[in-house]
Structures are given as structure tokens and as C-alpha cells.
Amino acid sequence: YMKKASHFFAMAKWVVNENRKYIKLPFDNTTVTYPGVCENHKPITNQSALNEFRKKYHLPEKFILSMTRVDNPGMDKSNKWNPSQNPDTILKSFILCRDKVPHHLVMAGRKVKDYFLDNGYDEKCFNRVHFVNFIPFDEIQFIYNLSDLIVLPVYYESFSFTLLGAMACGCPAVVSTTGAFKEIVGDGALYANPYSPEDFANKILTALTDHNLRTKLRNKGLELAKRYTWENAAKLTLDGIYKTVRC
């Protein structure tokens with residue numbers, strides 16, 4: 001498909017570079033079309049709505065958020081789990097810093113607890129850990145607004161809608177040093193090695209204990225999120241199509 005395509009639309013420059021590296025094609029006819037922020041993803045001041053959401057999902061008062069995935073309905077049935085979002089580092093890093101903060105960990109995603117139990121973890125590991133199986137997309141902004149920090153230790157991320165939504169809601173983030181995160185968020189997040197729970201634990205502690213830093217990350221995230229609009233994505237897509245047709 002890449003060889004036959006007249007034009008390539010990528011979600012980030014990082015995607016283009018990765019394709020050049022592994023597919024060995026020049027990708028000269030390329031347009032980077034960063035996705036936009038969902039219009040519902042914004043700071044929420046309606047405390048009654050936030051409280052209702054907290055009650056609905058039995059969320060603790062103070063928590064760190066993980067939006068993760070451990071299964072993929074479209075993959076080979078012989079592979080039961082697909083932990084590409086790296087939930088292990090999230091849980092291990094929380095266990096390392098759990099006694100130093102008042103926060104709980106909320107892990108949202110299907111069958112996440114089943115994955116852990118299937119891979120050698122036990123109930124002792126789940127102290128102050130809450131599992132939320134599924135949150136409809138039109139409600140996600142509430143959990144972003146309620147969380148004090150979102151943690152994304154993904155190994156290989158081309159563009160993170162989760163990070164973008166959290167930023168737009170004013171939720172600070174600790175993210176991987178790998179993938180396209182630095183291109184997307186720049187200095188609007190703290191970075192940690194996804195292969196090191198210790199590094200993530202240290203960055204989580206830093207973010208949760210330094211109020212000024214967390215405020216800075218929140219404000220920077222809100223500012224950066226304004227750059228990502230579907231209007232810009234649509235305009236760039238049309239420009240790329242027109243250019244291709246004219247050629």
C-alpha cells in the first residue's frame with residue numbers, strides 16, 4: 001500500500017520517520033495531520049456533575065489515572081493478552097511510591113485486573129488500586145478532570161488521544177521517553193523510561209509533591225491542547241489531496 005500510495009497522511013512527524021526507517025521508502029509526498037481535541041474535553045466547573053460521576057464509578061477522592069488496554073478483539077485468538085500499553089510499569093511504579101502519597105491508582109480498561117491475575121500478581125498488589133472496566137467516550141472528560149495525574153508508560157505511541165484529552169482537561173501527565181510524546185506535548189509533561197518502574201515512580205512522586213510544578217504542567221497542557229484542532233487537520237488533509245490531484 002505504501003508503494004502504491006500517491007500521498008501519505010501521518011498523525012505525527014515521528015510516524016513518517018519510523019516508516020522511513022523500517023519500510024525504506026522516502027515518503028516525500030507526506031502531510032502530517034495532527035488530530036484535534038474532542039469538543040467535550042475541557043475543564044469542568046460543575047461540581048455536582050463531577051461528584052455524580054465519581055459516585056457512579058466509585059472513584060476515590062485523590063487518584064492517579066491510567067487509561068490502558070490489555071486485550072484486542074481483532075488479534076489472533078491464540079494470544080489472550082496484548083499489554084502494549086504497558087500496564088505492568090504503571091502498577092509496579094505505583095506500588096513503589098504508594099506509601100509516600102495519599103493517592104489511589106485508578107486503572108480504566110477492559111479486563112485489566114484479569115490480566116494481572118493471569119500474570120502472577122495477587123490481591124496484595126491491588127491495595128488502593130481501583131479497576132474500572134469501561135467508560136463511554138462521552139464521559140471520559142469527567143475522569144480526566146477528577147484525576148490529579150495521568151500516567152502513560154506506553155512503549156510505542158504514534159499519537160496519544162488519551163494524552164491530548166487529558167491535557168485539554170487540565171490533567172498533568174507523566175509519559176514515556178519513547179514514541180511521539182515529545183513531539184506532541186514538548187515540555188508540557190514529565191518523562192520517564194517505560195522500561196523502568198523506578199523512574200516512573202520517581203516522576204510520579206515529583207509531580208504529586210511539587211504543587212508549583214503540577215500547576216505549571218496543567219497550564220502548559222491546556223495551552224498546548226489549543227493547537228490541536230480538527231479544523232487544522234481537515235485543512236491540511238484537503239491541501240494534501242489537492243496537491244496530489246494537481247500533480
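Which residues of the largest nonpolar core touch the most other members? The legends below refer to a predicted model.

**Figure 1. The largest nonpolar core and the contacts of L59.** This core holds 48 residues, and those touching the most other members are L59, I143, Y144 and I150. With residues up to four places away in sequence set aside, L59 touches F53, R54, V106, V132, I143 and L146. Another core, of 30 residues, lies apart from the largest one; M107, F126, V129 and L205 are among its members.

**Figure 2. The open sheet of six strands.** The strand order is 5-4-3-6-7-8, and the pairing is parallel. Strand 5 (129–132) and strand 8 (190–192) form the edges. Each of these two has a single partner strand, so one side of each is left without a neighbour in the sheet. From one strand to the next, the twist averages 25 degrees.

**Figure 3. Pairing of strand 3 with strand 6.** Strand 3 (residues 63–67) and strand 6 (residues 149–152) run parallel and are joined by two bridges. I64 has L149, in strand 6, as its bridge partner.

**Figure 4. Helix 3 and helix 6 against the sheet.** Helix 3 (residues 87–97) lies across strand 3, strand 4 (104–108), strand 5 and strand 6. Relative to strand 4, helix 3 runs at about 170 degrees. Helix 6 (residues 161–168) also packs on the sheet, where it touches strand 3, strand 6 and strand 7 (173–176). The direction of helix 6 makes about 165 degrees with that of strand 6.

**Figure 5. Surroundings of T33.** T33 sits in the loop between strand 2 (30–32) and helix 2 (47–56). Its relative accessibility is 12%, so T33 counts as buried, the cut-off being under 20%. Neighbours within four places in sequence left aside, the contacts of T33 are F9, A10, M11, A233, L236 and T237.

**Figure 6. Cysteines C125 and C171.** The count of disulfides is zero. For C125, the closest cysteine sulfur is that of C97, at 14 Å, which is too far for a bond, because a disulfide requires sulfur atoms within 2.5 Å. C125 counts as buried because its relative accessibility is 18%. C171 is likewise in no disulfide, and the nearest cysteine sulfur, that of C169, is 8.2 Å away. With a relative accessibility of 4%, C171 counts as buried.

Conventions
Residues are numbered from 1 along each chain as its sequence is written. This is a predicted model: local features need pLDDT of at least 70, side-chain atom pairs count only at pLDDT 80 or more; totals for chains, interfaces and linings use all residues. Side-chain values use heavy atoms; hydrogens and water are left out. Helices (H or I, at least four residues) and strands (E, at least two) are DSSP runs, numbered from the N terminus. Buried means under 20% relative accessible area, exposed over 50%, partly exposed in between (1.4 Å probe, protein chains only). Contact means heavy atoms within 4.5 Å. Two strands pair if DSSP finds at least two bridges between them. Axes are lines fitted to C-alpha atoms, for helices over the stretch in contact, and angles run from 0 to 180 degrees between N-to-C directions. A nonpolar core is a set of buried Ala, Val, Leu, Ile, Met, Phe, Trp, Tyr and Cys residues joined through side-chain atoms within 4.5 Å.
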